Amino acid sequence: SLPTLTVLVPLLSLAGLFYSASVDETFPQGCTSTSSLCFYSLLLPVTVPVYVFFHLWTWMGIKLFRHN
């Protein structure tokens, strides 16, 4: 499940980014609106590594707290 999501989410984001670049005439400036597909196609690839980082940070904190 997790390997599928780690491949599927970036591919869907990339597809959304290409769709936005080809359809939206104000592509670079239009990415700031939360109602546009471009915003989410840029947000998802950034959100996943940040989530993984903080999840591992929390896990390390719990491990260190238990062993000290």
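What percentage of the 68 residues of the protein chain count as buried? The answer is 12%. Keep in mind that this is a predicted model, so a word on confidence comes first.

**Confidence**

Across the protein chain the mean pLDDT is 76, and 85% of the residues reach 70 or more. Split by element, helix α3 comes out with the highest mean, at 80, while helix α2 (residues 27-30) has the lowest, at 64. As a general caution, predicted coordinates should not be read in detail where pLDDT is low.

**Layout**

The fold is simple to list: three helices and zero strands, running α-α-α from the N terminus on. Helix α1 covers residues 2-23, helix α2 covers residues 27-30, and helix α3 covers residues 37-67.

Helix α3 gives us a quick sanity check. With 31 residues at 1.5 Å a residue, helix α3 should span 45 Å, and its end C-alpha atoms are indeed 45 Å apart. There is still a bend along the way: α3 turns by about 25° at Leu43, and a proline, Pro45, follows within four residues.

**Helix α1 and residues further along**

Two residues of helix α1 are worth a look, Val9 and Ala15. Val9 counts as partly exposed because its relative accessibility is 23%, where under 20% would mean buried. Ala15 is also partly exposed, at 42% relative accessibility. Each has a listed partner elsewhere in the sequence, with distances taken C-alpha to C-alpha:

| Pair | Apart in sequence | Apart in space |
|---|---|---|
| Val9 and Ser41 | 32 residues | 9.3 Å |
| Ala15 and Cys38 | 23 residues | 10.0 Å |

Both partners, Ser41 and Cys38, have numbers inside the 37-67 range of helix α3.

**The surface**

The accessible surface of the protein chain comes to about 5,700 Å², and 76% of that belongs to carbon and sulfur atoms. Part of the surface is a nonpolar patch made by Val48, Tyr51, Val52, Leu56, Trp59, Met60 and Leu64, which together have about 700 Å² of accessible area.

Why might residues spaced like this end up on one side? An α-helix has 3.6 residues a turn, so residues three or four places apart point the same way.

Is Tyr51, one of the patch members, buried or exposed? Tyr51 lies in helix α3 and is exposed, because its relative accessible area is 56% and the cut-off for exposed is over 50%.

Key. Residues numbered from 1 in each chain as written. Predicted model: local features only at pLDDT ≥ 70, side-chain atom pairs only at ≥ 80, totals over all residues. Heavy atoms only, no water. Expected span 1.5 Å × (residues − 1). Bend = angle between axes of the 7 residues up to and from the residue. pLDDT = per-residue confidence, 0-100. Patch = residues over 30% accessible without salt bridge, like charges linked within 9 Å, V, L, I, M, F, W, Y side chains within 5 Å. Areas by Shrake-Rupley, 256 points an atom, 1.4 Å probe, with all protein chains shown as cover. Salt bridge = Lys/Arg side-chain N within 4 Å of Asp/Glu carboxyl O. Buried < 20%, exposed > 50% of the residue type's maximum accessible area, 1.4 Å probe, protein only.
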